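Thank you all for coming; I would like to take you through one structure this morning, beginning with its ligand and then moving on to the packing of its interior.

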Amino acid sequence: MIKEIKSYEKIEQYDTEITEALADNYKVIIENLGEDVTREGLQKTPERAAKAMQYLTHGYGLDPLEILKSAMFTEDHKQMIVVKDIEVYSMCEHHMLPFFGKAHVAYIPNGKIVGLSKIPRVVDAFARRMQVQERLTDQIKNCIQEALNPFGVAVVIEAQHMCMQMRGIQKQNSVTTTSSFTGAFEKDKTRKEFISLVSNKLS
Ligand SMILES: Nc1nc2c(ncn2[C@@H]2O[C@H](COP(=O)(O)OP(=O)(O)OP(=O)(O)O)[C@@H](O)[C@H]2O)c(=O)[nH]1
Ligand SMILES: [Zn+2]
């Protein structure tokens, strides 16, 4: 597992033992798929795949609550704060194939605001794991609610699932939208305001 997340390109951030164990498994997988793992193009593939998979799941090494707590500020601002169009890359836990799209996050502060960059960081911390879109949506909402105790949190995620595009039902254009709300966003008026602020992005 990646221990410290700063630059993912540095090889020393990948735990050697885990990388070797994963690479050994990938070697078997490649062979089981009928390929020759000793041919030039595939020689380093088990190690590359091992690192790629660790990167794609590096959220397990992050503490989303701590990310928020690291940059909270007292502020008497009571209006809705919306961070929209946050790119999401996650891994479907059923097929271990990517799902990807955008997250739109809002909250109404109750005495505390959070550093803006921490919202996409929290999205990433939960997305970079084996996930289902519904749980990802709820986890982001719950984390913001717990850290900031705001008047309300709203999270909407729109995503395309490779397991529905490259295989299986093979629907190339279907987009799944999930949403999760707390507090003030359970009220029609507030929810509508949020939806209208992000609606040009909602299909
Ligand atoms: N609810 C939900 N389902 C998901 C998500 N990602 C993938 N799935 C679904 O997980 C289900 C797994 O169903 P199974 O019938 O066990 O697997 P499968 O035979 O590969 O299913 P097909 O994809 O229909 O071929 C599929 O319907 C996927 O579309 C997600 O984020 N949320
Ligand atoms: Zn899937």
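The shell around ligand 1 divides into four nonpolar residues, five polar and two charged, where Ala, Val, Leu, Ile, Met, Phe, Trp, Tyr, Cys and Pro count as nonpolar, Asp, Glu, Lys and Arg as charged, and the others, Gly among them, as polar. Please keep in mind that this is a predicted model, in which local features need pLDDT of at least 70 and side-chain atom pairs count only at pLDDT 80 or more, while totals for chains, interfaces and linings use all residues. Residues are numbered from 1 along each chain as its sequence is written, chains are lettered from A and ligands numbered from 1 in the order in which they are written, and side-chain values use heavy atoms, with hydrogens and water left out.

Turning to individual contacts, a polar side-chain atom of histidine 95 lies 2.6 Å from an oxygen atom of ligand 1, and a polar side-chain atom of arginine 167 lies 2.9 Å from an oxygen atom of the ligand. The protein covers 50% of the 630 Å² of accessible area that ligand 1 has on its own, by the Shrake-Rupley method with a 1.4 Å probe.

As for the interior, the largest nonpolar core, meaning buried (under 20% relative accessible area, 1.4 Å probe, protein chains only) Ala, Val, Leu, Ile, Met, Phe, Trp, Tyr and Cys residues joined through side-chain atoms within 4.5 Å, has 31 residues, and Leu136 and Ile140 are among those with the most contacts inside it. Apart from that core lies another, of 10 residues, including Met80 and Val198. Leaving aside neighbours within four places in sequence, leucine 136 is in contact (heavy atoms within 4.5 Å) with residues including Val88, Phe99 and Ile157.

Methods
Polar contact = N/O pair within 3.5 Å; in protein donor to acceptor, adjacent residues only side chain to side chain. Buried < 20%, exposed > 50% of the residue type's maximum accessible area, 1.4 Å probe, protein only.
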